[in-house]
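Let's take a walk through this structure together. Keep the 3D view open and turn it as you read.

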Amino acid sequence: MRVLILYESRRGFTLTVAQAIRDQIRARGHQATTAPIRSVDAGTVAAADALIVGSWVAGKIVAGVGPAEGALEGIAGLPHLDGRPAAVFCTCAVAPFGTLDALASRLAARGAHVSVGEVFRKTRRKERRLTNVPAFVDEALREFDGSHERA
Ligand SMILES: Cc1cc2nc3c(=O)[nH]c(=O)nc-3n(C[C@H](O)[C@H](O)[C@H](O)COP(=O)(O)O)c2cc1C
């Protein structure tokens, strides 16, 4: 399976998570690449069997919290995804509120079938920041596989 991981990152943590996801997917014997969501080309998207889209959480902690504007712009600029399976993730300092749902519904509007989502908190303890990456990758690959069998 070829998985494309698209990210919107401002200070690098979302990129770090995207790269950790990529490495875990490769370790499970699949192809995986990362690309910034705002500048990915249509050919790269067309070549992917499944997508994972990640954004940092932007807002005022308790109000106006959602995906970074660049992520929404990037999703709006994607070619039609034609029922392609997808997963979403976000990174935040405090709480994501509806960020995953917002990412999922925008992707669904572009034709993706989104079934998995995960939050990665930028905790003070660095070694804890990526601990859910393997479980997220397992769940995403399971869903992507199932979706190919159903297709
Ligand atoms: C302008 C700005 C607004 C933010 N707003 C929120 C917020 O409302 N809630 C939250 O949990 N984290 C918020 N954060 C924290 C980021 O979502 C978090 O640090 C994220 O991991 C950054 O990802 P990056 O390193 O890829 O840019 C904000 C960060 C910035 C710079």
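Start at the ligand: helix 1 (13–27), strand 3 (50–58) and strand 5 (85–92) each give at least two residues to the shell around the ligand. Bear in mind as you look that this is a predicted model. The shell counts 20 residues, and the closest are Arg-10, Phe-13, Thr-14, Trp-56 and Gly-59. Sort the shell by chemistry and you get 11 nonpolar, 5 polar and 4 charged residues.

Now zoom out to the chain that holds all this. The chain has 5 helices and 6 strands. Read from the N terminus, the order is β-α-β-α-β-β-α-β-α-β-α. The C-alpha trace spans about 40 × 30 × 25 Å along its principal axes. Is that what you'd expect of a compact globule? For 151 residues, such a globule would have a radius of gyration near 15 Å, and the 14 Å of this chain agrees with that. Of the 151 residues, 43% are buried. There's a lot of long-range contact too: among contacts with a separation of 6 or more, 76% are between residues 24 or more positions apart.

Back to helix 1, one of the elements around the ligand. Helix 1 is 15 residues long and covers 21 Å from its first C-alpha to its last, close to the 21 Å expected at 1.5 Å a residue. Which of its residues are buried? They are Thr-14, Val-17, Ala-18, Ile-21, Arg-22, Gln-24 and Ile-25. Look down the axis of helix 1 and these buried residues fall within an arc of 165°, so they line one face of the helix. Here's the general idea behind that pattern: an α-helix has 3.6 residues a turn, so residues three or four places apart point the same way. Just after helix 1 comes Gly-29, with a positive phi of about 90°.

Helix 3, residues 69–76, lets you try the trick again. Its buried residues are Ala-71, Gly-74 and Ile-75. These cover an arc of only 100° around the axis, which puts them on the same side of helix 3. Flip to the other side of helix 3 and you'll find Glu-69, Glu-73 and Ala-76 exposed. What do the buried residues of helix 3 pack against? Their partners are strand 1 (2–8), strand 3, strand 4 (66–67) and helix 4 (99–109).

One more residue of helix 3 is worth a stop, and that's Gly-70. Gly-70 is partly exposed, because it has 18 other C-beta atoms within 10 Å, while a buried residue needs 20 or more. Setting aside neighbours within four places in sequence, Gly-70 is in contact with Glu-8 and Arg-38. Pro-36 is 34 residues away from Gly-70 along the chain, yet their C-alpha atoms are separated by 9.9 Å.

Finally, check out two loops. Ile-61 sits in the loop between strand 3 and strand 4. Ile-61 isn't a glycine, but it has a positive phi of about 65°. Buried or exposed, what is Ile-61? Ile-61 counts as exposed, because it has 12 C-beta neighbours inside 10 Å. Asp-82, in the loop between helix 3 and strand 5, is another non-glycine with a positive phi, this one about 55°. Asp-82 has 10 C-beta neighbours inside 10 Å, so it counts as exposed.

Key
Residues numbered from 1 in each chain as written. Predicted model: local features only at pLDDT ≥ 70, side-chain atom pairs only at ≥ 80, totals over all residues. Helix = DSSP H or I, 4+ residues; strand = E, 2+ residues; numbered from the N terminus. Rg over C-alpha atoms; globule rule 2.2 N^0.38 Å. Contact = placed C-beta atoms within 7 Å. Near = placed C-beta within 6 Å. Nonpolar A, V, L, I, M, F, W, Y, C, P; charged D, E, K, R; others polar. Expected span 1.5 Å × (residues − 1). Arc of directions from axis to C-beta.
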